[in-house]
Amino acid sequence: CAVVGTVVARRTHGCNLLFLDIVNGSQRLQLVAQSVESWIVQVSLDAPLGIVYVSLCIQSQLARQTQIGSTIRATGVPGKTRRGEFSLFLRGENSIESYKPPT
């Protein structure tokens with residue numbers, strides 16, 4: 001499913017979830033992006049167990065494309081959040097792109 005709209009709000013929940021609200025005309029839709037990957041990195045310091053878990057933050061990559069007021073095209077899977085709000089769940093790195101309407 002693909003939608004086009006203007007970003008009017010952006011919220012994060014920790015490092016793993018990014019919520020975007022987009023508007024197209026009078027329609028409002030929430031987009032949800034989730035980072036599910038984690039890497040384990042060995043460190044040379046005396047840390048407990050000698051490892052550090054580094055969570056990949058999807059927000060940093062999407063933040064450049066999702067400034068408030070920017071028009072985007074998003075592709076994903078429709079569904080509902082735990083709170084019951086209809087949302088589009090984004091999948092993959094290329095699920096959001098800048099959009100310029102044809103002239």
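**Close-up 1. I96, a buried residue in β8.** In this predicted model, I96 has a relative accessible area of just 3%, so with the cut-off for buried set at under 20%, I96 counts as buried. The strand around it is β8, covering residues 96–98. Look for T66 in the same view: I96 and T66 sit 30 residues apart in the sequence, yet their C-alpha atoms are 8.5 Å apart in space.

**Close-up 2. The whole chain, for orientation.** Pull back and you can count 1 helix and 8 strands. Starting at the N terminus, the order is β-β-β-β-β-α-β-β-β. The protein has 103 residues, and 30% of them count as buried. Take the contacts between residues at least 6 apart in sequence, and 45% of those link residues at least 24 apart. As for the outside, the accessible surface is about 7200 Å², with 53% of that area belonging to carbon and sulfur atoms.

**Close-up 3. The β2–β3 hairpin and its turn.** Here β2 (17–24) and β3 (27–34) run antiparallel, joined by 8 bridges. One pair to pick out is I22 with its bridge partner L29 in β3. The hairpin leaves 2 residues between the strands, and G25 in the turn has a positive phi of about 70 degrees.

**Close-up 4. β7, a strand with pairing to β3 and to β6.** Is β7 enclosed or open? Of its 5 residues, 4 are buried, so β7 is largely enclosed by the rest of the structure. With β3, β7 runs parallel, and 4 bridges join the two. A33 has L90 of β7 as its bridge partner, while L31 stands opposite L88 in β7. With β6 (residues 71–80), β7 runs antiparallel through 5 bridges. On that side, P78 has L88 as its bridge partner, so L88 turns up in this legend as the partner of P78 and opposite L31. If you follow side chains along these strands, keep in mind that in a regular strand they alternate between the two faces of the sheet.

**Close-up 5. The β6–β7 loop, with T81 and G84.** This hairpin has 5 residues between its strands, and G84 takes a positive phi near 90 degrees. T81 also belongs to the loop between β6 and β7. Is T81 buried or exposed? Its relative accessibility is 18%, and because the buried class takes in values under 20%, T81 counts as buried. Beyond its neighbours within four places in sequence, T81 is in contact with Q30, V32, S87 and F89.

**Close-up 6. The largest pocket and its lining.** The largest pocket holds about 460 Å³ of space. Its lining is made up of 15 residues, and L17, F19, V32, T81 and R82 are the closest to the pocket centre. T81 is the loop residue from the previous view, and V32 is one of its contacts. Which strands supply at least two residues of the lining each? They are β1 (2–13), β2 (17–24), β3 (27–34) and β7 (86–90). The largest share is from β3, with 4 residues. Sorted by class, the lining has 6 nonpolar, 4 polar and 5 charged residues.

Definitions and conventions. Residues numbered from 1 in each chain as written. Predicted model: local features only at pLDDT ≥ 70, side-chain atom pairs only at ≥ 80, totals over all residues. Heavy atoms only, no water. Buried < 20%, exposed > 50% of the residue type's maximum accessible area, 1.4 Å probe, protein only. Contact = heavy atoms within 4.5 Å. Areas by Shrake-Rupley, 256 points an atom, 1.4 Å probe, with all protein chains shown as cover. 1 Å grid on protein atoms, 1.4 Å probe; cavity = no way out; pocket = protein on both sides within 12 Å on 5 of 7 lines; lining within 4 Å. Points joined across faces, edges and corners; volume = space filled by probe spheres on them. Nonpolar A, V, L, I, M, F, W, Y, C, P; charged D, E, K, R; others polar. Pairing = 2+ DSSP bridges.
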